[in-house]
Amino acid sequence: MTDSVKYFLPEERIPRTWYNIIADLPEPPAPVLNPGTKQPIGPEDLAAIFPMSLIAQEVSTEREIEIPDPVRDIYKLWRPSPLIRARRLEAALDTPAKIYFKYEGVSPAGSHKPNTAVAQAFYNKEAGITKLSTETGAGQWGSSLAFAGSLFGLEVKVYMVRVSFNQKPYRRALMETYGATCIPSPSEETECGRAILAEHPDSPGSLGIAISEAVEVAAQNADTNYSLGSVLNHVLLHQSVIGQEAMEQMEMAGDEPDVIIGCAGGGSNFAGLAFPYIGAKLRGGPAPKIVAVEPAACPTLSRGSYAYDFGDTAHLTPLMKMYTLGAGFIPPGFHAGGLRYHGMSPLVSQLMELGEIEARAVQQLGCFEAGIQFARSEGIVPAPESTHAVRVAIDEALAAKEAGEAKTILFNLSGHGHFDMQAYMDYFAGKLEDRDYDEAELKRSLAELPAAE
Ligand SMILES: Cc1ncc(COP(=O)(O)O)c(C=O)c1O
């Protein structure tokens, strides 16, 4: 037994391929449908907003997809990210459990999001695109695409959910430092933004609305493509570097996880850590418990329907089969902005349906409490989104203590919270409260699900 805390891999161990779980699924994913014809869409239907290389990745059934050298070179700025054993948290909890976390906050933008931002910017540049439009909730994704755009000389325009725009002025400053433009959403700049403001002048915004604005801009301008920070298959594919590295690092540590935990907004950091493990299980390997953690105020996997729905509020996207609270669902304005999304990645949804993963919904006060306990023992202040994973990791460690079991827990610390200190200040000032979603609002938005089957 060693008393190591950090497990580092050398740069040459950055994965050379991304892992595609579609190759190991017992059945192929449900097709993406054209909302008009209800027929499966083809690559050409997406060509107005995505480069062909990413469309090909979206539908690929290859298990391994090569990471281009220029992307791998940029990954070297922060990858491989460390795997850390939270020994001080274990001691504080007095638990027999071992707690490991993969720390993605070491990236330039402070989260896992650059893993896909760099890849998306690379493929768009290669396709001759000069501008990218996107949405951002917490600001982590917008900062990441702004960073990636600066490396490839792409202009980046970010529609930032208004409630987060107001809560996090320094995220906007970071995006501008990288040379991007950041606009609060809903905005007067787009048709769908204007329509929403006409009806709800005080709209706090949502990821679904911001996606509509960014897609509209990309669809109407030939030099502009759209970039999405989560949900889609190619985004989850790019995030697989997290789990591939973690598997090797856990081996270095001489441990095998019994429980794997990630917070889930659109599902990308959760999938990034969990999918390589789930793939190994589907190929006959060990079967850890896998938990996706979501906010009680936006409980997509726990309370949503598994159905075809739009990915955005204005219904500009094709229909995807996924867990959804309904594209019209606007969650309350709680602090984990990156988790305020009505849908869930179709691949994560399919694995939920297959019983390969479980979901847990948690309230924000308990999450901040866990984040603070983590900061006071491990030193890292987690992003509000990541505190959801910390909460459940602590709960699992306490349950192991109760049961007298020496469980091994692995969770994804998807980002740091250095730009989220207003949320912590609000918590300390007693201004935060647990938020429940509005049951009537959920009923209403689920009743509006498009009939697709
Ligand atoms: C730090 C952090 N973690 C998690 C998320 C949730 O996104 P996803 O579920 O795609 O990982 C976000 C989204 O903005 C984020 O910023």
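## Strand β5, its sheet and the ligand shell

From β5, Lys98, Tyr100 and Lys102 point one way and Ile99, Phe101 and Tyr103 the other way, and all of these residues are buried. The model described here is predicted. Strand β5 covers residues 98-103 and is mostly covered, with six of its six residues buried.

**The sheet around β5**

Strand β5 belongs to an open sheet of seven strands with mixed pairing, arranged in the order β1-β4-β5-β15-β10-β11-β14. The edges of this sheet are β1 (6-7) and β14 (358-362), each of which pairs on one side only.

With strand β4 (residues 83-85), β5 pairs in the antiparallel sense over three bridges. With strand β15 (residues 408-413), β5 pairs in the parallel sense over six bridges. Individual positions in these two pairings are set out below.

| Residue | Partner residue |
|---|---|
| Ile84 | Phe101 in β5 |
| Arg85 | Tyr100 in β5 |
| Lys98 | Thr408 in β15 |

Tyr100 and Phe101 thus appear on the β5 side of the β4 pairing: Tyr100 is the bridge partner of Arg85, and Phe101 stands opposite Ile84. Tyr100 points one way from the strand and Phe101 the other way. Lys98, which stands opposite Thr408, points the way of Tyr100 and Lys102.

**Lys113**

Lys113 lies in the loop between β5 and α5 (114-126). For this residue, an unreviewed UniProt entry lists "modified residue: N6-(pyridoxal phosphate)lysine". Lys113 has 32 C-beta neighbours inside 10 Å and therefore counts as buried. Leaving aside residues up to four places away in sequence, Lys113 touches Gln140, Trp141, Ser144 and Gly229. One of these contacts, Gln140, is also listed among the residues that come nearest to the ligand.

**The shell around the ligand**

The ligand has 21 residues around it, of which Gln140, Ser230, Gly265, Gly338 and Gly415 come nearest. By class, this shell holds seven nonpolar, 13 polar and one charged residues. At least two shell residues each are supplied by α6 (140-152), α12 (268-282) and α16 (384-403). The largest share, three residues, comes from α12.

Where does the shell lie with respect to domain 1 and domain 2? Both domains give residues to the shell around the ligand, so the shell lies between them.

**The two domains**

The domain assignment of the protein chain gives domain 1 as 6-13 + 77-110 + 235-447 and domain 2 as 48-66 + 112-226. The C-alpha centres of domain 1 and domain 2 lie 22 Å apart. Their contact takes 36 residues from domain 1 and 32 residues from domain 2.

On the side of domain 1 that touches domain 2, the elements giving two or more residues are α11 (233-253) and α12. Helix α11 gives the most to this side, with six residues. By class, the side of domain 1 that touches domain 2 has 14 nonpolar, 17 polar and five charged residues.

Helix α12 therefore has a place in both descriptions: α12 supplies the largest share of the shell around the ligand, and α12 is also listed on the side of domain 1 that touches domain 2.

Terms used
Residues are numbered from 1 along each chain as its sequence is written. This is a predicted model: local features need pLDDT of at least 70, side-chain atom pairs count only at pLDDT 80 or more; totals for chains, interfaces and linings use all residues. A residue is near a molecule or strand if its C-beta atom, placed from the backbone, lies within 6 Å of it. Helices (H or I, at least four residues) and strands (E, at least two) are DSSP runs, numbered from the N terminus. Ala, Val, Leu, Ile, Met, Phe, Trp, Tyr, Cys and Pro count as nonpolar, Asp, Glu, Lys and Arg as charged, and the others, Gly among them, as polar. Domain bounds come from an automatic or database domain assignment. A residue is buried if 20 or more other C-beta atoms lie within 10 Å of its own, exposed if 12 or fewer, and partly exposed in between; C-beta atoms are placed from the backbone. Two strands pair if DSSP finds at least two bridges between them. UniProt positions are given in the numbering used here, feature names are shortened, and annotations may be inferred rather than shown by experiment. Two residues are in contact if their C-beta atoms, placed from the backbone, lie within 7 Å.
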